[in-house]
Structures are given as structure tokens and as C-alpha cells.
Amino acid sequence: MEQLLQNPNFQRARNLGLALILALLPFIIQHGFGSHGNTWLRNLDFAMLYIMLALGLNIVVGYAGLLDLGYIAFYAVGAYTYGLMNSPHLAHMLAGTSFEWVSHAPLWFVLPLCALMAGCFGMILGAPTLKLRGDYLAIVTLGFGEIIRLFLNNLDRPINITNGPQGINLIEPVSILGHKFSESLTIFGIEFEKIHLYYYLFLGLSLLIILVTTRLQMSRIGRAWVAIREDEIAAQAMGINTRNVKLLAFAMGASFGGVSGAMFASFQGFVSPESFILMESIVVLSMVVLGGMGNIPGVILGAIILFLTPEVLRDVVNPLQDKLIDAHIIADKIVNPENLRMLLFALALIFVMLVRPEGLWPSKVRRAEFHEAEEEKAETETEQKEAANG
């Protein structure tokens with residue numbers, strides 16, 4: 001089996017098949033789910049956003065071992081940066097000034113700027129927390145995420161920057177080569193709607209992030225992150241500049257969150273502080289832990305499972321209750337899928353911690369680390385039995 005998996009021809013065929021499935025997936029979902037096809041395709045688009053978020057947090061938590069509970073703040077920074085630069089809000093503020101060109105800037109300028117802004121905020125968070133570890137680091141990052149949300153909620157006076165709790169609306173969609181994604185596009189007789197175009201855009205960005213994180217993982221920087229995760233004191237003794245490496249981890253992870261936030265603002269056309277609460281950070285962290293920290297396929301699997309599960313429950317639990325219980329007897333649902341969400345997260349994490357502490361799809365290194373003690377114990381028992389028999 002291993003020889004088959006390592007065969008170059010098999011790998012090329014597998015990659016070609018995967019690429020074909022990803023290319024046709026929007027149409028398969030749209031037509032396969034009937035009247036709910038567009039809804040599920042929209043859910044798939046949001047799942048791609050969470051994959052980008054989880055891959056960014058995986059750098060901080062999975063590679064560098066830094067527990068970050070305020071990661072959603074970088075998502076917010078990217079979303080508001082894009083929203084401000086592509087909405088009438090900022091255009092009205094800069095009208096008649098020399099900075100008027102900033103509003104409605106092209107995507108090739110706005111997207112790197114969102115990543116840069118989020119990366120700078122990541123360094124701002126990382127700088128004062130370099131000596132913190134474990135629970136203390138988690139508490140500080142949690143506070144940072146809440147501070148960002150409160151700033152967004154209150155920066156509507158004395159100068160109205162974020163429009164406060166009302167958020168920013170009328171955000172323009174992405175425009176590539178003069179075509180706005182809010183309009184349908186017909187190529188070779190095939191009509192691509194807004195949700196199709198955004199799917200391919202999100203897929204391309206996700207593949208780019210996967211490529212970058214894979215290269216980082218195999219680079220000298222990635223090995224330095226792993227060394228810090230395993231033993232920071234030993235890594236420092238080996239000559240690794242732990243300060244700069246930690247800051248780079250925060251900045252790189254935050255920049256990916258900023259890209260995802262920018263795409264979220266473009267796709268929704270509206271952003272508000274309510275979209276960036278603490279629970280969102282916990283959800284993204286759960287995706288990384290559940291899938292397998294440090295392993296890119298595992299993180300992707302965790303993001304898909306934890307995002308799509310509530311949507312599946314909504315389509316299964318509600319109709320089931322309608323059939324079992326007369327709608328005239330009770331007005332409200334007994335079991336609300338939204339309320340089940342956190343229960344399922346908790347049960348899934350408890351199950352993973354007990355049965356597979358390394359995650360559902362861990363990397364070979366982490367699997368070996370978690371089961372090293374068990375292997376040593378088995379070898380010791382074997383040696384004892386051989387000595388007793390001998």
C-alpha cells in the first residue's frame with residue numbers, strides 16, 4: 001500500500017482527480033442539493049474562509065506552540081481595512097483631499113495592505129508577550145482580541161472611523177480585470193454566479209496559503225518554530241533568536257487572518273463588531289486542535305467538520321422535530337441546532353483529548369511524540385517477558 005501511495009503516477013492521478021473535483025464541486029453542490037443548492041454553496045464559501053483562518057492560526061499554535069485566544073482580532077482588522085477602502089464611508093471622509101485615491105483601490109493593492117495591517121497588529125500583540133507562556137499567554141491574547149472588538153465598537157467618535165455598532169455597509173465586491181463579482185460571468189456558455197466566482201477566488205487563496213505554510217514548515221524558520229514549541233530554553237541555547245522567531249509567527253499567522261477577513265468583508269458586503277466575538281476565536285482554535293495541530297490536511301479537515309456540522313444539523317434536526325412533534329403544540333423547537341453547536345464542540349474536543357490527543361489527522365512527528373511513552377512502555381514489557389521466559 002505504501003509503495004502505491006509513493007508511486008509518482010499514482011500521485012499525479014490523485015492530484016489530477018482532486019483538482020477536477022475541486023473545479024466541479026460548486027456545480028455538483030448547486031445541482032445536487034436541489035432548492036438548497038445555493039445555500040450549501042454559500043456555506044462552502046464560508047468554509048473556505050475558515051480554512052484560511054485555521055491555517056493562519058496553525059502557524060501560531062501548531063508550529064510555534066503559542067496559545068492564541070484573540071486570533072479573531074486579525075480577522076477583524078483585515079475585514080475593516082477592506083471595508084473602509086471599498087465603501088462610501090471612507091470615500092466620504094476623504095472627499096476633496098489628496099488621499100481620495102485610497103478609497104476604491106484595486107484588489108492587488110488592498111489585499112496585501114490588509115495582510116500587512118493584520119501582520120503589524122500581530123507584531124503589536126507578540127511584542128509584549130514574548131516572555132509569557134501557557135495560560136498567561138492565553139489570557140493576554142484573549143484580552144487583546146476583546147480590546148480590538150471594543151475599539152471597533154466605539155471608534156465612531158469624536159471621529160467616525162468604524163461607524164461604531166452599526167458597522168460598515170455597502171462594501172463593494174471584488175473586481176478582477178474590470179469584472180465585479182456581484183455580476184454573473186459567462187464563459188464558454190457556462191454561467192458563473194457570484195457564489196461560484198467567490199468560491200474559485202477563495203480556493204485560489206487557500207491553495208496559496210497552503211503552499212506558503214508548507215514551504216515555511218520545511219524551512220529553517222519552520223524548524224525553529226518547532227524547536228521553540230518543544231523546548232524554548234533549549235532552542236535559545238542552540239542559537240535560535242526566539243524573540244524574532246516568535247514575532248514572525250504572530251505576524252505570519254495574523255497576515256493570513258487579515259486576508260481571510262478582507263474576503264469576508266467583500267463577500268458579505270457588510271461588517272460589524274458582532275462578527276468578531278471571542279467565540280469565533282475559540283471556534284477557529286477548536287478547528288486546529290480537533291484536526292491535528294501542525295498538520296495542514298488535519299487543520300483543513302477540522303475546519304470543514306466544525307463549520308459544516310451545525311449546517312448539517314440545521315437541515316436534519318429541524319425537519320425531524322417537525323415530523324415527530326406537532327407544530328401546533330409547541331411554538332419553539334425543543335432542540336435548536338445553534339445551541340447544539342457548542343455542546344458538539346465540547347464533546348468533540350473531550351473525545352479527541354481522550355482518544356486521539358494528537359488530533360483526527362496528526363502529522364507523523366506529533367503522532368510519534370504523543371505515543372512515545374506508550375511505545376517505550378510496550379518495549380519494556382516485551383523485554384521483561386523475554387527475560388522471564390529466558
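Is Thr242 buried or exposed? In this predicted model, Thr242 has a relative accessible area of 10%, and because buried means under 20%, Thr242 counts as buried. The residue is found in helix 11, which covers residues 242-268, and, leaving aside residues up to four places away in sequence, Thr242 touches Ile228, Glu232 and Gln236.

One of those neighbours, Glu232, leads on to the charged pairs of the structure. Glu232 is buried at 14% relative accessibility, and it forms a salt bridge with Arg133, in which the closest N and O atoms are 3.2 Å apart. This pair links distant parts of the chain, since Arg133 sits in the loop between helix 6 and helix 7 while Glu232 belongs to helix 10 (residues 232-237), 99 residues apart. Unlike its buried partner, Arg133 counts as partly exposed, with 47% relative accessibility.

The count of salt bridges comes to 6. Among them is the pair of Asp156 and Arg157, whose side chains meet at 3.0 Å from N to O; Asp156 is partly exposed at 25% relative accessibility, whereas Arg157 is exposed at 54%. Another joins Arg229 and Glu230 at 2.9 Å, again from N to O, and Glu230 is partly exposed, with a relative accessible area of 43%. Salt bridges that share partners also join Arg133, Glu232 and Lys246 into one network.

The loop between helix 6 (107-126) and helix 7 (134-154) holds Thr129 as well. Thr129 is buried, with a relative accessible area of 3%, and, with residues up to four places away in sequence not counted, it touches Leu137, Val140 and Phe250.

Turning to the helices themselves, two packed helices are described by the angle between their axes and the distance between the axes. For helix 2 (residues 8-32) and helix 3 (residues 37-63), the axes come within 7 Å and cross at roughly 145 degrees, and the crossing is right-handed. Leu25, Pro26, Ile29 and Gln30 make the contact from helix 2, and Gly37, Asn38, Trp40, Leu41 and Leu44 make it from helix 3. By character, the residues of this contact divide into 6 nonpolar, 3 polar and no charged.

Helix 4 (residues 72-85) has 14 residues and reaches 20 Å from its first C-alpha to its last, which is close to the 20 Å expected at 1.5 Å a residue. Of its 14 residues, 14 are buried, and helix 4 is therefore largely enclosed by the rest of the structure.

Note on methods:
Residues are numbered from 1 along each chain as its sequence is written. This is a predicted model: local features need pLDDT of at least 70, side-chain atom pairs count only at pLDDT 80 or more; totals for chains, interfaces and linings use all residues. Side-chain values use heavy atoms; hydrogens and water are left out. Axes are lines fitted to C-alpha atoms, for helices over the stretch in contact, and angles run from 0 to 180 degrees between N-to-C directions. Helices (H or I, at least four residues) and strands (E, at least two) are DSSP runs, numbered from the N terminus. A crossing is left-handed if the near helix is turned anticlockwise from the far one by less than a right angle, and right-handed if clockwise. Contact means heavy atoms within 4.5 Å. Ala, Val, Leu, Ile, Met, Phe, Trp, Tyr, Cys and Pro count as nonpolar, Asp, Glu, Lys and Arg as charged, and the others, Gly among them, as polar. The expected span of a helix is 1.5 Å times one less than its number of residues. Buried means under 20% relative accessible area, exposed over 50%, partly exposed in between (1.4 Å probe, protein chains only). A salt bridge is a side-chain nitrogen of Lys or Arg within 4 Å of a carboxyl oxygen of Asp or Glu.
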